[in-house]
Structures are given as structure tokens and as C-alpha cells.
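Biologist: Before planning any work on this protein, I should like to go through its strands, helices and aromatic rings in turn. Please take my questions one at a time.

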Amino acid sequence: MVDSFRHQGLRKQLIEHLASKGITNLKVLNAMNKIPRHLFMDNAFVNFSYQDKAFPIGAGQTISQPYTVAFQSQLLEIKPYEKVLEVGTGSGYQAAVLSLLDAEVFTIERQRELFLKTKKFLPTLGYNCMFVYGDGYKGMPKFAPFDKIIITCGAPFIPKDLVAQLKVGGRMVAPIGDGDLQVMHLIEKISETETRITTHGEFSFVPMLNDKNNGN
Ligand code: SAH
């Protein structure tokens with residue numbers, strides 16, 4: 001698990017690129033500058049780790065594009081010790097970013113292979129999260145409510161159960177849409193019964209799938 005000067009140099013260039021694309025939150029940029037993305041990559045793509053692109057991680061899934069990770073993290077406005085629920089653990093890269101922002105991270109994944117791999121891997125880098133194997137549409141009622149919720153796969157609609165698990169004053173960042181592109185939504189919970197929804201541009205995600213037991 002080497003993080004060489006070459007890796008660090010490439011990572012710094014990537015961070016400068018993210019800043020030039022409009023990421024202004026220094027905590028987010030600093031966190032991403034510290035995380036060795038090459039350790040989260042599939043071997044076949046490790047040489048491309050510091051390109052601003054999504055790459056396959058197995059089980060038909062991808063590690064999100066760094067710009068997307070930065071954008072969603074920035075939109076969440078995380079403060080230390082907040083409880084954050086992530087839907088779509090995948091490689092664990094986004095969960096590592098949330099951990100370095102000092103959030104208490106709860107992350108859920110429906111692909112058993114990825115759940116097992118990442119649950120084992122992330123603690124070896126010093127990131128401790130609560131890993132759950134399950135259906136993101138249902139969230140984690142046992143650990144709710146959350147200050148923040150981030151969905152890292154394209155959801156066809158805003159999942160009601162997740163809005164219910166958000167604290168009043170909380171924020172959920174979710175890519176919504178079932179085509180090739182999703183529109184980034186920010187859902188702010190302003191009272192037990194009201195939300196304010198704003199949209200923040202188009203992104204491309206793997207789809208958020210239904211519970212395997214219900215069929216897809
Ligand atoms: N956050 C990840 C991105 C992984 S891609 C990273 O940083 O690498 C999105 C992930 O969402 C995939 O791993 C996919 O299996 C998962 N996913 C899709 N539908 C889901 C659902 N209903 N519940 C939980 N996870 C889901």
C-alpha cells in the first residue's frame with residue numbers, strides 16, 4: 001500500500017483541476033488531497049487513478065468521478081461529528097472523504113461482494129464507518145435520524161424512507177433520473193412535513209437498483 005511522491009504529485013494536479021472546475025470548499029479539497037485514490041481502484045485501472053473519471057470496480061459498479069465526489073461532498077456542507085448516511089458504499093472512496101470531513105459515516109451497499117470487500121479494506125486505511133449490507137431505498141431506520149444523506153447511484157425518484165430518516169434542518173444530496181444522466185438534487189428538510197428542493201446540474205451515475213429480493 002504505497003503512496004509514492006508520484007502518486008502525491010498526480011493527486012495534487014487532480015485537486016488543482018477540481019478547484020479550477022469550481023470546487024471551493026477547502027476541507028473537501030484537503031480531504032481528497034490526502035486520500036490515495038489508487039488504493040481504491042481495480043488493478044486494471046490503477047494507472048488512471050488520478051484522472052477525473054469514473055472507473056469499474058467490479059460487480060458492474062464504478063468508483064465515482066472525483067469531480068462528482070467533490071461536488072456532492074461540498075453540497076452536503078458537512079460539519080464535524082454529523083451523522084451521515086451514504087447509499088452505495090462501492091469502493092469506499094466517498095465514505096473515506098466523508099470520514100476525513102469528521103462525519104460519523106453509515107454506509108449501505110446492496111452488492112454483497114463490494115460490501116464485504118470494502119468493509120474489510122477501509123479500516124486498514126484508518127477509516128471507521130458503520131457498514132451495512134442492505135437496500136438503500138430503506139435506509140437505516142435503526143440508526144436514524146441523520147444530519148446528512150448522500151446517494152451515490154442514480155435514483156429514479158427521491159426515496160421517501162430516506163427523507164423520513166433526515167433530521168429537520170438536514171440535507172440530502174441525490175442524483176435523480178433513470179436515463180443516462182441524472183439531475184443533482186439538494187433536498188433540505190425544513191420541517192417534519194416540508195422540504196425545499198433545488199437542482200444542481202447533470203451528472204452520470206450507475207443506477208440505484210431495487211432490493212435483490214424484489215427482483216430488478
Ligand atoms: N460511493 C461509491 C460509488 C459506487 S457506485 C464509491 O465512492 O466508490 C454506486 C453504488 O451504489 C454501487 O456500488 C451499487 O452497487 C450501489 N447501489 C445501487 N443500488 C443500491 C441500493 N438500492 N442500495 C444500496 N446500494 C446500492
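Biologist: How many bridges join strand E3 to strand E6, and do these strands run parallel or antiparallel?

Modeller: Please note that this is a predicted model. Strand E3 covers residues 83–87 and strand E6 covers residues 146–151. One point of contact between them is Leu85, whose bridge partner in E6 is Ile149. The two strands run parallel, and the number of bridges joining them is four.

Biologist: What is the order of the strands in the open sheet?

Modeller: The open sheet has seven strands, and their pairing is mixed. Its edge strands are E5 (130–133) and E9 (195–203), each of which pairs on one side only. Neighbouring strands are turned by 15 degrees against each other on average, direction ignored. The order is E5-E4-E3-E6-E7-E8-E9.

Biologist: Which strands does helix H3 lie across, and at about what angle does it run to E7?

Modeller: H3 comprises residues 66–76. The helix lies across E6, E7 (166–176), E8 (182–189) and E9. Its angle to E7 is about 160 degrees.

Biologist: Which strands does helix H5 touch, and what angle does its direction make with that of E5?

Modeller: Helix H5, residues 112–124, packs on the sheet. The strands it touches are E4 (104–109) and E5. Its direction makes an angle with that of E5 of about 170 degrees.

Biologist: How many residues of H3 are buried?

Modeller: The buried residues of H3 include Pro66, Val69, Gln72 and Leu76. Tyr67 has a relative accessible area of 15%, so it counts as buried. Phe71, at 16%, is therefore buried as well. H3 is mostly covered, and the number of its residues that are buried is 11 of 11.

Biologist: How are the rings of Tyr67 and Phe71 arranged: stacked, edge-to-face or tilted?

Modeller: Both residues lie in H3, four residues apart, about one turn of the helix. Their ring centres are 5.9 Å apart, and 45 degrees separate the planes. Planes under 30 degrees apart would count as stacked and those over 60 as edge-to-face, so neither term applies to an angle between these limits. The pair of Tyr67 and Phe71 is tilted.

Biologist: Why is the pair of Phe48 and Phe55 stacked?

Modeller: This is a pair in a structure that holds 11 aromatic pairs. The ring centres of Phe48 and Phe55 lie 5.9 Å apart. Phe55 is buried at 8% relative accessible area, whereas Phe48 is partly exposed at 35%. The pair is stacked because the angle between the planes is 15 degrees.

Biologist: Which charged residue sits over the ring of Tyr67?

Modeller: The structure has such an arrangement at Tyr133, where the charged end of Arg112 sits over the ring at 4.9 Å from its centre. At Tyr67, the charged end lies 4.1 Å from the ring centre. The residue over the ring of Tyr67 is Lys21.

Biologist: Which residue in the hairpin of E1 and E2 takes a positive phi?

Modeller: Strands E1 (residues 55–58) and E2 (residues 61–63) run antiparallel and are joined by three bridges. Pro56 has Thr62 as its bridge partner in E2. Two residues lie between the strands, and the positive phi, near 55 degrees, belongs to Ala59.

Terms used: Residues numbered from 1 in each chain as written. Predicted model: local features only at pLDDT ≥ 70, side-chain atom pairs only at ≥ 80, totals over all residues. Heavy atoms only, no water. Pairing = 2+ DSSP bridges. Phe/Tyr/Trp six-rings, centres within 6.5 Å; stacked < 30°, edge-to-face > 60°. Buried < 20%, exposed > 50% of the residue type's maximum accessible area, 1.4 Å probe, protein only. Lys NZ or Arg CZ within 6 Å of the ring centre and 35° of its normal. Axes fitted to C-alpha atoms, helices over the stretch in contact; angles between N-to-C directions. Contact = heavy atoms within 4.5 Å.
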